[in-house]
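Work through the exercises below with the structure in view. Try each task before reading its solution.

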Amino acid sequence: MPKRIHPILRIAIILLPLWMVWLYVIKAGWYYMPDDYAKEMFIHSASHEEMDRDYQVLILGDSMANAAFLPEVLSEETINLAITGGTCIESYYILKNYIKTHGAPRDVFFTARHDSFHDASYIESHFFYHQFSIPEGIEIARTLKKYNDAPEIYSTLHPGTWFQNLIYFPSGYATSLLNSKFYQRYGANREMLGQLQLHRGNWLALRIGSGVTPETLTTLEHFEVADFNDHYFNLLCQLCSDNGIRLHIVRTPYSSNFAYSDSFRKEYTAYFENYAKQYSNMTVDISFDGMDDIYFYDNGHLNLRGAYLYSTQMCASYPQVFDQSLPVSACTVDALLADYELEVEEPYKSTWKALLDDKKARFERGE
């Protein structure tokens, strides 16, 4: 008479398809995740793993920062680790892990949209894409519970959902699996990763159209900061101070469909200047000047033309940070060639050609 299967083993066998799907969800993200996965993995890899060099200038913040800062224009030692929907929360952990892996960079530039200081509408996506470790996720959830002052947006982000993402529970990834037919995203994700590696983290500036809608005017009346976000901004400032990092607070340009009350300007500027009084390594360079709408892809993000203009302005404003005398790398030449090939109109195309020719000549001379 055959032995009966132990109940626990029987359950394990019955659940075998679930274990297989779970293992696939954990190991095969490149095959089924949307292309944001490549962007998040590039940042995660840059902050957790060895690279060909340890970059001395880090760009942190949100998608507006990603669009505005072009490393191939700024300097050879600049990398853009600004993340979609990023706040001081994500920036703190990215920098903390970067320091553990590579040591402290010399300079950090941080900028994020005004409303990132009183909400975190994208934080759930960063759990979804595993930007945070399990201990970091627990720390974020506990801190949120401690302050419990964040506005209504946080009420939709339950830590239970975050934890399910942290352990890759399959139900949270069902939509991505079905949309990709389980494996059809690999090519697109690897192509996006190659683009990120070429442009050292920038991906959002690589478009030349302009879709600003000035008729949808947004007037900002007050600058709000939740204690939860303020806590993490202070941690970011303290982390830079403890590691001798120069922290630069800047504000990238907005399109013409944004207007600012005097109260907003004063509150926004005062918030950062008060922190600068506490931390001697911190500079605040906030401008409410915009750019012509032709330099924006949409209402808030610079396009390639705007990114070039802004990056050259930053080089002029911070010559001690963005060292133009460093030897030119093959990666920079290739990135500039890609930028040049994206442009279709004069005089923008000639501008890229002149920069490309100069950098290529220096690369060939070993300068």
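A residue is called buried when its relative accessible area is under 20%, exposed when over 50%, and partly exposed in between. By that cut-off Cys237 is buried, because its relative accessible area is 1%. The model used here is a predicted one.

**Exercise 1. Place Cys237 in the fold.**

Task: State which helix holds Cys237, and list its contacts beyond the neighbours within four places in sequence.

Solution.
- Step 1. Find the helix. Cys237 belongs to H13, which covers residues 227–242.
- Step 2. Look around the side chain. Leaving aside neighbours within four places in sequence, Cys237 is in contact with Leu247, Tyr275, Tyr279 and Met282.
- Step 3. Turn to Cys88. Cys237 and Cys88 are 149 residues apart in sequence. Their C-alpha atoms are 9.6 Å apart in space.

**Exercise 2. Describe the chain as a whole.**

Task: Give the secondary structure count, then decide how the radius of gyration compares with the globule rule.

Solution.
- Step 1. Count the elements. The chain has 17 helices and seven strands.
- Step 2. Compare the radii. The radius of gyration is 22 Å, and the globule rule gives 21 Å for 367 residues. The two values are close, so the chain is as compact as a globular protein of that length.
- Step 3. Box the chain. Along the principal axes, the C-alpha atoms fill roughly 85 × 50 × 45 Å.
- Step 4. Check burial. Of the 367 residues, 48% are buried.
- Step 5. Check the contacts. Take those between residues at least 6 apart in sequence: 80% of them join residues at least 24 apart.
- Step 6. Check the surface. The accessible surface is about 17100 Å², and carbon and sulfur atoms account for 56% of it.
- Step 7. Check the charges. The chain carries 30 positive and 46 negative charges, and their mean positions lie 9 Å apart.

**Exercise 3. Trace a salt-bridge network.**

Task: How many salt bridges does a search of the whole structure find? Which residues do shared partners join into one network?

Solution.
- Step 1. Start with the total. The search finds 11 salt bridges.
- Step 2. Take Arg106 and Glu77. Their side chains form a salt bridge with an N to O distance of 2.8 Å. Arg106 sits in the loop between H7 and E3, and Glu77 in the loop between H6 and E2, so the pair ties together parts 29 residues apart in sequence.
- Step 3. Grade this pair. Arg106 is partly exposed, at 25% relative accessibility. Glu77 is buried, at 8%.
- Step 4. Take Asp107 and Arg246. Their closest N and O atoms are 2.7 Å apart in a salt bridge. Asp107 is in strand E3 and Arg246 in strand E5, 139 residues apart.
- Step 5. Grade this pair too. Asp107 is buried, at 0% relative accessibility. Arg246 is partly exposed, at 31%.
- Step 6. Join the pieces. Salt bridges with shared partners link Glu77, Arg106, Asp107 and Arg246 into one network.

**Exercise 4. Examine the loop between H16 and H17.**

Task: Which peptide bond is cis, and what is its omega? Which residue is the salt-bridge partner of Glu345?

Solution.
- Step 1. Find the cis bond. It joins Glu346 and Pro347, with omega about 0°. Pro347 lies in the loop between H16 and H17.
- Step 2. Find the partner. Glu345 meets Arg305 in a salt bridge, 3.6 Å from N to O. Glu345 is in the loop between H16 and H17, whereas Arg305 is in H15, 40 residues away.
- Step 3. Grade both. Glu345 is partly exposed, at 41% relative accessibility. Arg305 is buried, at 7%.

**Exercise 5. Study two positive phi angles.**

Task: Where do His130 and Arg200 lie, and are they buried or exposed?

Solution.
- Step 1. Take His130. Its phi is positive, about 65°, although it is not a glycine. His130 lies in the loop between H8 and H9. Its relative accessible area is 10%, so His130 is buried.
- Step 2. Follow a contact. Asn165, in helix H10, touches His130, among other residues. Asn165 is buried, at 6% relative accessibility.
- Step 3. Take Arg200. Its phi is about 50°, and Arg200 is not a glycine either. Arg200 lies in the loop between H12 and E4. At 4% relative accessibility, Arg200 is buried.

Methods. Residues are numbered from 1 along each chain as its sequence is written. This is a predicted model: local features need pLDDT of at least 70, side-chain atom pairs count only at pLDDT 80 or more; totals for chains, interfaces and linings use all residues. Side-chain values use heavy atoms; hydrogens and water are left out. A salt bridge is a side-chain nitrogen of Lys or Arg within 4 Å of a carboxyl oxygen of Asp or Glu. Helices (H or I, at least four residues) and strands (E, at least two) are DSSP runs, numbered from the N terminus. Buried means under 20% relative accessible area, exposed over 50%, partly exposed in between (1.4 Å probe, protein chains only). Contact means heavy atoms within 4.5 Å. The radius of gyration is taken over C-alpha atoms; the globule rule is 2.2 Å times the number of residues to the power 0.38. Accessible areas come from the Shrake-Rupley method with a 1.4 Å probe; for residues, only the protein chains shown count as cover. Lys and Arg count as positive and Asp and Glu as negative; His and the chain ends are not counted. The place of a charge is taken as NZ of Lys, CZ of Arg, CG of Asp or CD of Glu.
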